[in-house]
Amino acid sequence: MNIKVLGAGCKRCEALLNATKEAVSSEGVDAEVEYITDLEKIASYGVMSMPALVIEGKVVSAGKVLKAKEVEKFLH
């Protein structure tokens, strides 16, 4: 599974990154979590507010910091 966290390196973006890694670990999902800070790449997803969570190429959340339990719902 390919998971990307899109963000600018702020505390909120890092919080989503950490929650995503925690969710992947607790669910035992075989996934690579990538942190994208390149604004050009972020724009290619059409995301206007960060942080954003992208799973398998699809934006599933933008503009809010999800908790690990909320991220887990997107992993199934």
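Visitor: What makes strand β3 and strand β4 a pair?
Guide: Four bridges join β3 (residues 52–55) to β4 (residues 58–62), in the antiparallel sense. Two strands pair if DSSP finds at least two bridges between them, so β3 and β4 qualify. Ile55 stands opposite Lys58 in β4. The hairpin has two residues between its strands, and Glu56 takes a positive phi near 50°.

Visitor: What kind of model is this, and which cut-offs apply?
Guide: The model is predicted: local features need pLDDT of at least 70, side-chain atom pairs count only at pLDDT 80 or more, and totals for chains, interfaces and linings use all residues. Residues are numbered from 1 along each chain as its sequence is written, and side-chain values use heavy atoms, with hydrogens and water left out. Elements are DSSP runs numbered from the N terminus: helices are H or I with at least four residues, strands are E with at least two.

Visitor: How do you know that β1 and β2 run parallel or antiparallel, and how many bridges join them?
Guide: They run parallel, with five bridges between β1 (residues 2–6) and β2 (residues 32–36). Lys4 stands opposite Glu34 in β2.

Visitor: Why is the unit of β1, α1 and β2 called right-handed or left-handed?
Guide: This β-α-β unit is right-handed. The name applies because, with the strands pointing away from the viewer, the path from the first strand over the helix to the second runs clockwise.

Visitor: Why is Thr20 called buried or exposed?
Guide: Thr20 lies in α1 (residues 11–27). Its relative accessibility is 0%, so it counts as buried. The scale uses a 1.4 Å probe and protein chains only: buried is under 20% relative accessible area, exposed over 50%, partly exposed in between. Leaving aside neighbours within four places in sequence, Thr20 is in contact (heavy atoms within 4.5 Å) with Ile3, Val5, Val33, Leu53 and Val71.

Visitor: And why is Lys67 called buried or exposed?
Guide: Lys67 has a relative accessible area of 59%, so it is exposed. It lies in the loop between β4 and α3. Its C-alpha atom is 10 Å from that of Leu17, 50 residues apart along the chain.

Visitor: What makes a nonpolar core?
Guide: Buried Ala, Val, Leu, Ile, Met, Phe, Trp, Tyr and Cys residues, joined through side-chain atoms within 4.5 Å. The largest such core has 13 residues; Ile3, Leu16, Leu53, Val71 and Leu75 have the most contacts inside it. Two or more residues come from each of β1, α1, β3 and α3 (68–74). α1 gives the most, with four. A second, separate core of six residues includes Leu6, Ile36, Ala52 and Val54.
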